[in-house]
Amino acid sequence: MKIKKIIDMNSEELKNSLISNSITVCVVGIGRIGLPTALSFANSGLHTIGLDINSELIKNINSGIYPLKDEPEYDIIFDKVIKEKFFLVTTDINESVSKADVILLSLPTPMDKNNIPDYSALRSVAKQLSEYLSEGSLVIVESTIEPGFVENELISLIEGSQNRLKVEKNFAIGVCPETANPGEIMVDFTKLPRLVAGINENITNLIHEIYHHVFPVELIHMPNCKTANAVKLTTNVFRDVNIAFVNELSIFFDKLGIDTFTVLEAAKSKYNFQVHYPGAGVGGPCLPVNSYQLLNSAKTLGENNLLSIIKASRKVNESMPDHVIKLIQNTFNESNVDLNNSTIMILGISYKPNVKDIQLTPAEPIIRKLKTLGVKIKIFDPFYKNEKLFDIFVENDLFESISDCDGLIVVTNHDEFSSLNLELISSKMKSPIVIDSRGLIQKDDAKKAGLIFKGLGQ
Ligand SMILES: NC(=O)c1ccc[n+]([C@@H]2O[C@H](COP(=O)([O-])OP(=O)(O)OC[C@H]3O[C@@H](n4cnc5c(N)ncnc54)[C@H](O)[C@@H]3O)[C@@H](O)[C@H]2O)c1
């Protein structure tokens, strides 16, 4: 017997349908966030279909190859749900969306080279949904979007021009913005509260039931989609702005002869101080993009004069790779080592610790600038051993490859680097110049090991 359309159900009816596994879920975009999400749904016993345009990814998943090696525990669930056939993947929208009651959109929302948010994946899928969505289904947007994007654009794209679909009548929509931290998604999916909002109160309650069935976390009801998306952006832009603040402080305190890390450690004793740390820059698919999403939102509203703090913060964070270059130039000059024709090892290439992800990594502008100065670059990053990045082969062994290096720059503080043998580094390098942009190495330890050391904020 065909179940009642999901959008016509009340919470109790949906709960029963979920318990009896009679709801089919389709996750569109099975990348860093979408795959663990789809695996969680499948692991709850719901038939789950993953849809992606990346045919290589689909082929690998269908061959049993788990693609997210830096996302622990999901490999076990992956093997289980593939074997039990609770999770199927495809590139065919008709084979997936049309068969699902719930469609989760976990599509990328990056920005272009002019920092303009790029919603082309969401727009393209929304247009296809207008053709393939089955009557009465529920669309939930997990992607990070500007407040108002669902209300002002997505709904009409899904409704399309064929008069087949009308929101709240033939389909419903809501959001559950994703907040998980790459590398820790399993932990976050079992701990972090989630925001839920629907096009009306009943839909918010239905979204609540769906997530409650899969994730053992607190679900916070938002009054509407745009407020939920505003919360998501606020939390990340808060970080971007605060990191910019400490980045600028670290440059200023350096001129005053004050150690920024000592300041931050003591500042933490104040009950309402939330610590952020300086670094070579802010990368990844979230923080920089999210700041530009809010700025784009203001521009669309014709409110360009607002959000000046976010603009200034972006400027500071985007200037940090240049500041690191300055630290390198000064330290080489002071040590009488010629930077031109030198060889420098970049330690850590990911945009943040413990993940295999180089999206908008500050390592890239640092490498680009050093190359223009005639520097030969080497890279060591445990997540990218033997791969080729930025036209450079990543070294397999740090200590075997630093003997011809005149300098080493810590760009990413992966946990694996926390117990670096500084004496060995010092003895192996051609000239033992180390620039630490992440507070990985203590000044005193560096000195003891005989390094010529400069730490950002130290
Ligand atoms: N990665 C994070 O740290 C993180 C954290 C929280 C939220 N988010 C947000 O989650 C969303 C997804 O991010 P992600 O990191 O998982 O992205 P991702 O790039 O890892 O994955 C996106 C997937 O969507 C697929 N895709 C692209 N266009 C498609 C289309 N037209 N049809 C079907 N599939 C398509 C891609 O092939 C890819 O596999 C973004 O909005 C992002 O901002 C990301």
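L256 is found in helix α9, which spans residues 225-256. The structure is a predicted model, and the points below cover a nonpolar surface patch, the surroundings of the ligand, the salt bridges and one helix residue. The ligand is surrounded by 23 residues, and a search of the whole structure finds 18 salt bridges.

**Helix α9 and the surface patch**

- L256 counts as partly exposed because its relative accessibility is 49%, a value that lies between the limits of 20% and 50%.
- L256 belongs to a nonpolar patch on the surface, together with F252, I258 and V263.
- The four residues of this patch have about 330 Å² of accessible area together.
- Helix α9 also holds D254, one partner of a salt bridge described below.

**Surroundings of the ligand**

- Of the 23 residues around the ligand, those that come nearest are I33, D52, T109, T144 and P182.
- By class, this shell consists of 12 nonpolar, seven polar and four charged residues.
- The side chain of D52 places an N or O atom 2.6 Å from an oxygen atom of the ligand.
- I33 approaches an oxygen atom of the ligand through its backbone, with an N or O atom at 2.9 Å.
- I53 likewise involves its backbone: one of its N or O atoms there lies 3.4 Å from a nitrogen atom of the ligand.
- On its own, the ligand has 830 Å² of accessible area, of which the protein covers 86%.

**Salt bridges between distant parts of the chain**

- D254 and K454 meet through their side chains in a salt bridge, with an N to O distance of 3.1 Å.
- This pair links distant parts of the chain, since D254 lies in helix α9 and K454 in strand β15 (residues 452-455), 200 residues apart.
- D254 counts as partly exposed at 29% relative accessibility, whereas K454, at 18%, counts as buried; the limit for a buried residue is under 20%.
- A further salt bridge joins E387 and K356, whose closest N and O atoms are 2.5 Å apart.
- E387 and K356 also link distant parts of the chain, 31 residues apart.
- E387 is in the loop between β10 (376-380) and β11 (388-389), while K356 is in the loop between β9 (343-347) and α13 (363-372).
- Relative accessibility is 29% for E387, which counts as partly exposed, and 35% for K356, which also counts as partly exposed.

**A salt bridge within helix α16, and a network**

- K448 forms a salt bridge with D445, and the closest N and O atoms of the pair are 4.0 Å apart.
- K448 and D445 are separated by about one helical turn because they stand three residues apart in helix α16 (residues 443-448).
- K448 counts as exposed at 69% relative accessibility, whereas D445 is partly exposed, with a relative accessible area of 34%.
- Elsewhere, R32, D70 and E71 are joined into one network by salt bridges that share partners.

**Helix α4**

- I82 lies in helix α4, which covers residues 74-83.
- With a relative accessibility of 25%, I82 counts as partly exposed.
- I82 and I61 are 21 residues apart along the chain, and their C-alpha atoms are separated by 8.7 Å.

Conventions. Residues numbered from 1 in each chain as written. Predicted model: local features only at pLDDT ≥ 70, side-chain atom pairs only at ≥ 80, totals over all residues. Heavy atoms only, no water. Near = heavy atom within 4 Å. Polar contact = N/O pair within 3.5 Å; in protein donor to acceptor, adjacent residues only side chain to side chain. Areas by Shrake-Rupley, 256 points an atom, 1.4 Å probe, with all protein chains shown as cover. Nonpolar A, V, L, I, M, F, W, Y, C, P; charged D, E, K, R; others polar. Patch = residues over 30% accessible without salt bridge, like charges linked within 9 Å, V, L, I, M, F, W, Y side chains within 5 Å. Helix = DSSP H or I, 4+ residues; strand = E, 2+ residues; numbered from the N terminus. Buried < 20%, exposed > 50% of the residue type's maximum accessible area, 1.4 Å probe, protein only.
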